[in-house]
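Hi everyone, I'll keep this short. Let me put the structure up, and then we'll go from the whole chain down to a couple of helix pairs and a single residue.

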Amino acid sequence: MIIDVHAHLDFDEYKKDIDKVIKKNVEENVKAVICNGVNPKANRRILSLSKKYYLLKSALGYYPSECDQITRQEFNKELEFIKKNKDNIIAVGEVGLDKKYVHNFEKQKEFFEEFIDLSSEINKPIIVHSRKAELEAIDILERKKANKVVMHCFSGKKKLVKRIIENKWFLSIPANVVRNQQFQENVNICPLKQLLTETDSPFLSHNPKVSRNEPRFIANSLKKIAEIKCLDVKELENIIFANYQRLFL
Ligand SMILES: [Zn+2]
């Protein structure tokens with residue numbers, strides 16, 4: 001049983017063979033893939049894909065380094081669109097902060113706060129991107145008293161991972177945990193009840209030779225995580241599936 005809480009199967013990389021990709025992933029025991037919207041175009045495509053394929057679930061959002069270039073009116077319009085579709089989505093995402101690609105960090109923070117308010121208002125989890133702004137993202141989420149939080153591909157320091165754990169938020173572990181020591185260490189210190197799995201497909205593959213990642217490759221992460229936690233892979237799958245259900249359904 002594989003759960004991918006953060007993927008972009010709406011991207012052009014899958015446009016040609018999406019039917020095949022879905023079929024293959026279902027065959028390899030993938031049970032749910034949350035597609036995370038990065039802009040208005042992606043949000044709309046995700047809604048239509050999740051109507052067509054039961055495997056795909058929708059999270060709508062706006063990528064930090066894209067939404068820091070838009071106007072207040074454009075932002076409000078998209079926020080309204082997401083609110084209007086609250087019954088068709090299972091989370092708000094991908095939203096957050098990004099200091100690697102930044103045009104206006106003040107704007108990123110302002111819009112992130114509004115996404116947190118939206119997720120509380122519609123009572124849906126929020127899937128957070130926090131590249132090179134891990135501390136700021138955690139500070140804002142704590143100040144806003146966000147409680148249904150998934151930190152996606154979290155690369156902050158151990159001290160910050162501990163804050164995530166204390167806040168009872170979730171860590172979603174990317175597929176490259178098989179070769180990244182920091183993610184392995186995060187798995188080690190995170191309670192099983194707060195672990196989720198993700199790919200960020202088409203990015204962050206477990207194997208540098210695989211240029212297009214897919215949710216089914218989480219099978220490799222599960223092996224690694226089970227090894228770290230001294231569990232059976234089956235046992236681990238059940239725990240992660242239960243975490244997914246508890247948080248999103
Ligand atoms: Zn992403």
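So, how much of this chain is buried? Of the 249 residues, 47% count as buried. Bear in mind that what you're looking at is a predicted model.

Staying with the overall picture, a compact globule with 249 residues would have a radius of gyration near 18 Å, and this chain comes in at 17 Å, so the two agree. If you lay the C-alpha trace along its principal axes, the spans are about 50 × 45 × 35 Å. As for contacts, take those in the chain with a separation of 6 or more: 70% of them are between residues 24 or more positions apart. In terms of secondary structure, we've got ten helices and eight strands.

Now for the helix pairs. I'll start with α5, which is residues 105-121, and α6, residues 134-143. Their axes come within 10 Å, and the crossing angle is roughly 40°. What do we call an arrangement like that? At that angle, α5 and α6 are oblique to each other, because the value is neither under 35 degrees nor in the 65 to 115 range. The crossing of α5 and α6 is right-handed, by the way.

Who's touching whom? On the α5 side you have K109, F112, E113 and I116, and they meet E136, I140 and L141 from α6. Sorted by class, that contact has four nonpolar residues, three charged ones and no polar ones.

The other pair is α9, residues 218-229, with α10, residues 233-248. Here the axes come within 9 Å and cross at roughly 100°. That puts α9 roughly perpendicular to α10, since the angle sits between 65 and 115 degrees.

Which residues make this contact? From α9 it's L222, K223, I225, A226 and K229, and they meet V233, L236 and E237 in α10. By class, the contact of α9 with α10 has five nonpolar residues and three charged ones, and again no polar ones.

Last stop, one residue: R72. You'll find R72 in helix α4, which covers residues 72-84. Is R72 buried or exposed? R72 has 10 other C-beta atoms within 10 Å, and the cut-off for exposed is 12 or fewer, so R72 is exposed. And if you want a distance to check on screen, try R72 to L60: they're twelve residues apart in sequence and 18 Å apart in space, C-alpha to C-alpha.

That's it from me, thanks.

How values were computed
Residues numbered from 1 in each chain as written. Predicted model: local features only at pLDDT ≥ 70, side-chain atom pairs only at ≥ 80, totals over all residues. Axes fitted to C-alpha atoms, helices over the stretch in contact; angles between N-to-C directions. Helix = DSSP H or I, 4+ residues; strand = E, 2+ residues; numbered from the N terminus. Parallel < 35°, antiparallel > 145°, perpendicular 65-115°, else oblique. Contact = placed C-beta atoms within 7 Å. Nonpolar A, V, L, I, M, F, W, Y, C, P; charged D, E, K, R; others polar. Rg over C-alpha atoms; globule rule 2.2 N^0.38 Å. Buried ≥ 20, exposed ≤ 12 C-beta atoms within 10 Å, placed from the backbone. Left-handed = near helix turned anticlockwise from the far one by under 90°.
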